[in-house]
Amino acid sequence: MKRLGRLVSWHWHLVRRPFMLLCGVYGAQQMALLLLSAARKETLGMQMADLFMGCGQLPLFFVTLYLVLLTAASATRSGGRSHMMYTLHTMPFSRLLFPAAQILLSLLLQIIFTAWQVVLYTVFYFPVTALSGRVAVGLVSGTLPAGSLFEEINANPLFQMLLPVRGGSWIWVIGFMLLLSIQSACIACCRGFRRAAAMFLAMVTAGVGAGSLYLRYYIETNKAWESGVNLLLLLILGAAVLPALLNLGSALWALYRAEKL
Amino acid sequence: MHTKKQSPARGLAVLAIVSVLVLGMGTAVRMVGLQKMQTRLIDEYGDHQALQPFQLSAYSRFQAENAITFVALENGQLSGQVFPEQVRLPENASLPDDFDDLNIITIAPEERDAVNQKASYSGNTATSSAQSLWVMRLITLPDNTSLRLHIADYQADEPVEVMSYPAAWSGMDWDVFGDYGRQAYPQWTSNLYVRWGDSWMIGLNKDSILYQPGIWRVTESLSEEEVQTLPTDGKVQYGDISVDVLNKSTEYGSVELFYVPQNLEEILKCVTLDQYLGVLYQDTDGNIRFDLVDENASCLQQELIFQDVGTEYSCTQVNTQQADQSCFVLGLHQGTDYRIVSLQIDQSGKLEWIDLPGNLLNDGSLLPGTTVIQRSDDGRYLLFVGREENQIQVDRAFQQVDSLSYPIGYRLNVYDLNEKDVVYSGLLDTGAAKVWGSYVKNPSFMFYGLAGELLSLNRDYYTVFPQEAQGGTTND
């Protein structure tokens with residue numbers, strides 16, 4: 001356990017700068033796009049959640065989540081000079097501890113990034129609403145209702161998926177993040193061409209997994225649990241899990257080989 | 001000197017714990033926000049106790065929030081509930097608006113061979129002409145069963161073009177395409193139907209020649225699958241191919257005559273009142289009458305509502321949310337004179353009714369938005385529920401100033417028939433105001449398909465006052 005903690009913390013030490021940079025860039029683009037679109041007259045009538053969706057932040061969140069996975073995996077990137085599996089040679093660890101640490105690190109980074117999005121949204125709500133309110137004052141005569149952060153968080157599809165109010169739905173969010181963590185760990189274990197393949201498969205999992213999260217939410221809210229829809233969900237889930245299984249095999253093979261060297 | 005060196009693990013642990021807390025707080029904010037969506041009642045004038053005799057309930061559906069709120073007013077008390085992550089209303093709450101009443105003009109069976117012989121085929125359409133036509137009425141009931149009745153024959157003065165498609169919404173048989181005959185038999189007809197006990201009652205008016213005008217009981221109606229399995233009984237010539245079809249002139253399902261009002265000119269509405277059936281109709285002298293009919297099809301009571309109103313009038317049914325009440329708004333004299341007719345079965349089982357001018361509340365603005373009109377059991381008070389909106393002016397660049405409005409809820413007015421005055425007024429705040437944006441949004445700013453799903457937010461909202469007062473259950 002202590003070794004796992006040490007390994008995670010060492011890898012965190014290696015990736016925290018790029019991770020923070022990623023979070024910063026993500027926050028900066030979000031603020032810029034939200035403020036720019038709130039300042040436009042054409043977006044009259046669009047509130048925080050509409051603006052958030054309108055400037056593509058829903059797909060962009062999942063794209064950035066994928067970049068978070070790559071960042072977590074970059075802890076083991078070695079520039080191609082030395083052996084990738086340096087830790088296995090220099091530290092007295094079981095080889096399985098290595099992917100375990102990467103899974104944990106990646107999971108934590110995803111949670112931090114998701115929380116970062118919640119913080120960003122809460123912080124940006126005030127300037128964005130003030131700005132779009134000022135634009136509206138110039139265009140609308142008559143009273144407009146005052147919105148609230150409560151409303152805008154509830155209306156946002158991203159938070160409906162990531163912050164479910166029903167207990168059972170958390171399993172899907174955690175499952176989604178775990179699947180991505182496994183993919184990230186697999187990327188970390190492979191190198192060269194295999195690493196590129198693992199990155200591609202992880203991208204498939206991230207995209208399809210986000211899709212299944214969305215579909216499940218849709219089915220849940222519409223009470224559309226019918227055999228046809230269930231089959232579709234099962235297929236999409238399969239498409240998310242299968243690349244993870246492929247990657248897992250490839251990663252375990254890489255670990256086995258590394259130990260042989 | 002000892003230099004403080006923080007382990008990177010601690011930073012990560014702190015960040016992770018804070019993040020989990022943030023996510024927990026976000027979820028808490030969502031839960032609080034959902035509870036804040038509950039409908040409130042804002043008393044504005046008069047004594048709140050005036051609401052005591054009324055029962056009201058409504059569901060509001062919020063598309064963006066994927067939530068439904070329920071509100072009930074009982075004994076003057078407002079109670080509410082929020083159903084998160086749910087977008088479907090309970091079945092008994094949604095209005096049965098999927099009744100469909102369609103006139104089809106098809107060819108008479110004896111002309112089929114001649115029509116097929118003359119048929120020409122191009123693209124995916126077969127064209128021909130026919131002179132003797134049948135008018136069929138296809139009735140689809142809200143329970144998704146249907147029946148088809150042959151209501152009239154129609155002899156055209158000269159041959160009329162008929163068409164048939166291998167696959168189209170109208171199915172696969174000859175029918176008249178275009179305006180021919182639509183004057184007398186418009187495609188969509190009046191919605192005369194009511195569910196009475198276990199059976200569906202439909203009203204047929206004078207345009208039905210082969211069925212006597214009156215109230216008919218549906219004795220058999222077929223589901224979509226059952227219609228599919230009906231045997232084919234005719235052919236359509238598509239070029240060289242002859243296709244077996246179920247003739248559009250074939251009847252299926254059945255009805256039996258239940259009740260015919262005396263001197264019937266036109267049935268306006270059929271409703272249920274407690275265990276009785278009510279028929280609002282115009283007689284041959286131009287009077288508007290209301291018949292209360294029991295299960296033996298005998299008229300218990302006949303009321304003369306208005307004398308000789310001529311032909312220029314309109315009639316709208318207004319929801320009452322009470323099984324023993326019915327309400328209509330009649331626009332007389334080409335809509336210049338609105339009258340509210342509220343009918344009620346009193347304690348002794350007798351039908352009694354009142355007739356009020358539509359501009360009861362002086363401002364005259366109440367009536368067009370009236371959603372529910374309900375009478376108290378003692379008959380003294382009337383509750384009017386009408387949609388309330390806020391007016392705004394939007395000045396879009398290079399465009400004229402648009403006058404728009406967005407909903408803010410429902411106005412409740414209690415009217416005292418003795419004092420002839422409004423004794424209470426309040427605003428039922430359903431949370432409608434939060435969708436104001438979708439009423440002023442620039443309509444050109446729209447994405448479709450997957451981009452629409454990913455890049456835009458649908459803030460649709462509506463409130464339903466079900467015909468029957470609800471107990472606040474959902475099909476959860």
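**Strand pairing, helix packing and the A–B contact**

Modeller: Strand E22 (residues 325-332) and strand E23 (residues 337-345) of chain B run antiparallel and are joined by 8 bridges, in what is a predicted model.

Biologist: What makes E22(B) and E23(B) a pair of strands?

Modeller: Two strands pair if DSSP finds at least two bridges between them, and the 8 bridges between E22(B) and E23(B) satisfy that condition, so they are called a pair. Within the pairing, Gly331(B) stands opposite Tyr338(B) in E23(B).

Biologist: Why are E21 and E24 of chain B said to stand at the edges of their sheet?

Modeller: The sheet is an open one of 4 strands, in the order E21-E22-E23-E24 of chain B, with antiparallel pairing. E21 and strand E24 (351-357) each have a single partner strand, so one side of each is left without a neighbour in the sheet. From one strand to the next, the twist averages 20°.

Biologist: How do you know that strand E1 (140-141) of chain A pairs with a strand of chain B?

Modeller: E1(A) and strand E26 (residues 381-395) of chain B are linked in the antiparallel sense over 2 bridges, and since the definition asks for at least two, the condition is met and they count as paired. Ser141(A) stands opposite Gln393(B) in E26(B).

Biologist: Which elements supply the side of chain A that touches chain B, and what is the make-up of that side?

Modeller: In total, 46 residues of chain A are in contact with 48 residues of chain B. The elements that each supply at least two residues to the side of chain A include helix H1 (2-38), helix H5 (97-139), strand E1 (140-141) and helix H9 (192-222), and the largest share, 8 residues, comes from H5(A). The residues of this side divide into 23 nonpolar, 16 polar and 7 charged.

Biologist: How do you know that H3(A) and H9(A) meet, and what kind of residues are involved?

Modeller: Residues are in contact if their C-beta atoms lie within 7 Å, and on that basis Phe62(A), Leu65(A), Tyr66(A), Leu69(A) and Leu70(A) in H3(A) meet Met199(A), Ala202(A), Met203(A), Ala206(A) and Ala210(A) in H9(A). The residues of this contact divide into 10 nonpolar, no polar and no charged. The two axes come within 10 Å and cross at roughly 145°, and H3(A) passes H9(A) in a right-handed crossing.

Biologist: What makes the phi of Asn144(B) worth noting, and why is the residue called exposed?

Modeller: Most residues other than glycine have a negative phi, whereas Asn144(B), which is not a glycine, has a positive phi of about 70°. Asn144(B) lies in the loop between strand E7 (125-140) and strand E8 (145-164) of chain B. A residue is exposed if 12 or fewer other C-beta atoms lie within 10 Å of its own, and Asn144(B) has 10, so it is called exposed.

Biologist: Where does Asp308(B) lie, and is it buried or exposed?

Modeller: Asp308(B) lies in the loop between strand E20 (299-306) and strand E21 (314-318) of chain B, and its phi, near 25°, is a positive value in a residue other than glycine. With 10 other C-beta atoms within 10 Å, set against the limit of 12 or fewer, Asp308(B) is therefore exposed.

Biologist: How many helices and strands does chain A have, and what share of its residues counts as buried?

Modeller: Chain A has 10 helices and 1 strand, and 42% of its 261 residues count as buried.

Key. Residues numbered from 1 in each chain as written. Chains lettered and ligands numbered in written order. Predicted model: local features only at pLDDT ≥ 70, side-chain atom pairs only at ≥ 80, totals over all residues. Contact = placed C-beta atoms within 7 Å. Nonpolar A, V, L, I, M, F, W, Y, C, P; charged D, E, K, R; others polar. Axes fitted to C-alpha atoms, helices over the stretch in contact; angles between N-to-C directions. Left-handed = near helix turned anticlockwise from the far one by under 90°. Buried ≥ 20, exposed ≤ 12 C-beta atoms within 10 Å, placed from the backbone.
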